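The following exercises ask the reader to work through a structure step by step. Each task is followed by its worked solution.

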Amino acid sequence: MVKLTLEATLSGHKGQVWSVDWSPTSKTLASSGQDKSIKLWRQEGGSWVCVTTLEGGNTRTVRQVAWSPCGNKLATASFDSTTCIWEYDRNTSTWDLAATLEGHENEVKSVAWSGDGDYLASCSRDKSVWVWEVMDDDYECASVLQVHSQDVKKVVWHPTDPLLFSASYDDTVKVYKEFGDDWECAESFTGHSSTVWGLSFNKSGDKFVSCSDDRTLRVWCRDENKATKYTCKSTVCGFHSRPIYDVSWGRHGYIATAAGDNAIRLFEQQGASLLLSHLQSDAHFGDVNCVSWKGNLLASASDDETVRIWTLET
Amino acid sequence: MNNFSGALRLTDLNDFIGPSQECIKPVPVTKSKKRGVVKLHDDGALTQNSLPLQKETISLTDCLACSGCVTSAETVLIESQSIGTLQRARVETHKSHVFVATLSPQSISSIAHKLRMGYVETCQKLIAALKCDGYKYVFSSVEGSELCHQLSAEELLNCSREKNLPDTNSDKSVNTSVKKPVLASACPGWICYAEKTQGAAVLDHISRIRSPQSIMGALVKSVVSQRESVPYSQVYHVSVMPCYDKKLEASRADFVSKEHDCAETDLVLSTAEAFDLWGNNSTDMMEGRNFDSVLTDSPFPFKTPVGGGSGGFAERILHHVARSLGASGPLEMNFKQLRNKDLLEAVVVINGTEFRVAKAYGFRNIQNIIQKIKHKRCNYDYIELMACPAGCLNGGGQIKLEDSGELSEVTAVYTSVSTDEIKNSKPLLPDLFLTSYKAVEKSTSALNTQW
Ligand code: SF4
C-alpha cells in the first residue's frame, strides 16, 4: 500500500504559498508566496520550525523559490518583475541579498538553476525566457528567447544535459539548446489543450511528465536519435477534475501532482503510462500549488497559507 | 509582428492588455458649429445632420506617446507606412508633389545580394528605377550618417571634459547634456525600448544627435522645396530602411516639422518592400546614374562608411574625434570580441588621450550594458548600441536570407565600398540635428492578475 503520512503543517506565511523547494545539500525546505517573504524550514528537536525569514528583496508576490545546486544560493522569481539572488554567508551565518536581476517587462513566473550552477533561467508573463550566465557574483544575460506566444509559466533544466525547457499559457512546452554563443529553441512540444503549468524529469532525463490546466498529465519519452526530441507516449486523463498546477517526479519513481481540487495524487510508471497509486484528498484546505520531493519526504504548498510535509510509505 | 526588432517586440508583449483592450487615448473631436442630430439608422450607420459621421482616428504619434496598448500602434503604423499608402499618395498627389527618396546602404546591400549585383550597379539600378517612377531626387542616407558622425564626435568631445583635452573650435557647436558613456541613437528599436522601460538613468546617456535617417529628414524637404520652388509640404519624402523600427522613428513627434506641420519623412519602406516595388524593374538606363546630394550640387558617392554594416558609428566618430584633436593619419582601431560575437570593444589612444568604445548588438547585450550603466560599472566613452543581433544588415525589414551564412555575403557587398574618406561640408545649424527622449509612463493597469 502506497500512502502519505502527514508529518507537519507549517504555518507562518500570510496569504497563498506558491512554492516549495528542498535544499539539494541539506534537509532544509524553502517556501515563498504572496507575502513576499522566503521562509526556510528545518527539523529541530523533532518538530519542523521556521529558521529564517528572508525579507526586503522582492516587493511583490514571490512566485517561485529555487535552490542553487551548491545549496548556498536561492533565486526568487517575483511579480515585481525581478529575480533576486540570496547568498548564504558562512562567516555570519546569514542570508544576504546578493543581486537583483532586472530585465523582464512584468511578472517573473519561474526561475531555475542549471545542474552545474553555471546558468540561471527565468521566464515571465512578457512571453520571454531569459538565460543568465552565472560568473562569480555577476549575472550576465546570455540570451533572451522570444518563442512563446503567451505567458511563460515554468522553466526547468534537464537533469543531466545543458537543455532548458519552458511551459506556457500557449499550451506548449519548448526546449532550448546552446547555439554558438547564444541559445536557440530546438523543439516545440504540442498536445496539451490548455496552459501547461509545469513539467518534471525522471532521474536519467529520458522522460518527463507535463501537467496542464486541461486536467491531464502527459508522459514524454526521448527520441533515441535526437537528444532534444521527446514524443508524447501517453496522456493521463480522468484522474484530475481540476487544473494540475505542479508535478514532481521523485528519485524513487513516484510522481506527485498538485491540483486545484485540494488533493495530492501519486502515480507510478507502468509501461509508457501512469498508474494512480494514491489519492490524498483534502491534502490542503485550498488549491495545492506546488509539490517537491526529497527522498521519501514530500512538501506541498497551498492557497490555505500553509506548507505541509508528508512521508511516503510503500 | 516579427518584423520588428526583438527589443521592440518585448515591450509590446502584453497578453492581457492585448488586442482586446480598447484604446485609452481620448479621441480629439473637432467640434462643428451647428449642434448636430446624430441618428442611428437601421443598418447601424451613424449620421450627423444626415451626413455620415467622420470616424476619428488615432495617429501613430498619439500611440507612441502612450503605453496603453502598443498593439493598436502597430496596426496604425503598418497601415500608415505601407506600399498601399505610398501608391495612393502617388496617384493622388503626383501632379502637385515632388517625390524624393533616401536609400540606406544596408537596404542597397541586401538588394544587391538578392540580385547578385555589385553595390554600385545596384545603386544605379535603383536610382534608374526610382527616377523612371517619377522620383525627382534620390539620396543616400550615408550623407546623413556622415553628418551624424561629425556631430556625434563633437558631442563626445564636449562631454569628455574630464580628459583635459585641448580646446578645439568645434567644442562650442554641439553642446548637449548627454552623459558618458554616450550611447548611439541611431537604432529606433533600442530607443523605443529605452523610452518604454528605462528612466533618466539610461535615457541621459543617449546621444542627442539625430539618426542618419532623421538627419536626412531634417534637410531633404527644405532643400528640395528651395531647389524646385515648391512649398515644403508638397515634397513627399520616402525612406528605404533595413527595419520596420525605422517606420516608428519617422513617426516621432520630434521629426514632424513644427513650422510646416508636416512629417519630415512621410513614409518608410522596408528593404523587402522597396525590392518588391523597384527591384525587378528592367536594368536599362542605369548608365551614368548618381545619387543626388542634399548639401552640394555634385553627386554623392556610392560609398559606405567604414566600421561595419550598422553604420560605422564607433569608427567614424572616433575618426572625427581624432581629426578634431589634430591627429593625422589613419586611426588604428582593433576591436576585440568579448563574451559573444555581438559584443566588441576597442581602446584607442589619440594624442595621448585614451578612448574606450564598444559595439553591442542584440537585446541581450543591450540588457547587460543597461545593467552596467545603472550600477555605474560601465566605463566606455561611446557605445554603438543596436537592437538587432549582428546589427543593421540583419534588420527585420531586409530581404529574407536562405541561411545565416548568407549574412556575411551581404556584409561583403556593404564593405566592398567602405571608405573612411567621405567628404562633407559642415552644416551651419547643428541645432537642427538634435533630438530628445522621454520616458513613456507605464500605465498601471493591474488588470486581472494571472498566476
Ligand atoms: S539594429 Fe538597425 S536594423 Fe535593427 S532595429 Fe536597429 S536600426 Fe533597425
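**The ligand shell and two buried residues**

By class, the shell around the ligand holds eight nonpolar, two polar and two charged residues (Ala, Val, Leu, Ile, Met, Phe, Trp, Tyr, Cys and Pro count as nonpolar, Asp, Glu, Lys and Arg as charged, and the others, Gly among them, as polar). The model is predicted: local features need pLDDT of at least 70, side-chain atom pairs count only at pLDDT 80 or more, and totals for chains, interfaces and linings use all residues. Residues are numbered from 1 along each chain as its sequence is written, chains are lettered from A and ligands numbered from 1 in the order in which they are written, and side-chain values use heavy atoms, with hydrogens and water left out.

**Exercise 1.** Determine where the ligand lies with respect to the domains of chain B.

*Step 1.* The residues around the ligand include Cys187(B), Asp245(B), Lys246(B) and Cys388(B) (one heavy atom within 4 Å).

*Step 2.* Domain 1 (69-144 + 211-304) and domain 2 (147-209 + 305-419) of chain B both contribute to this shell, so the ligand lies between them; the bounds come from an automatic or database domain assignment.

**Exercise 2.** Is Glu146(B) buried or exposed, and which side chain does Glu146(B) contact?

*Step 1.* Glu146(B) belongs to helix H7 (residues 142-158) of chain B, helices being DSSP runs (H or I) of at least four residues, numbered from the N terminus.

*Step 2.* Its relative accessibility is 0%, so Glu146(B) counts as buried (under 20% relative accessible area, 1.4 Å probe, protein chains only).

*Step 3.* The side chains of Glu146(B) and Arg316(B) form a polar contact of 2.9 Å (N or O atoms within 3.5 Å, one able to donate a hydrogen and the other to accept it; residues adjacent in sequence count only if both atoms are side-chain atoms).

Technical notes
Helices (H or I, at least four residues) and strands (E, at least two) are DSSP runs, numbered from the N terminus. Buried means under 20% relative accessible area, exposed over 50%, partly exposed in between (1.4 Å probe, protein chains only).
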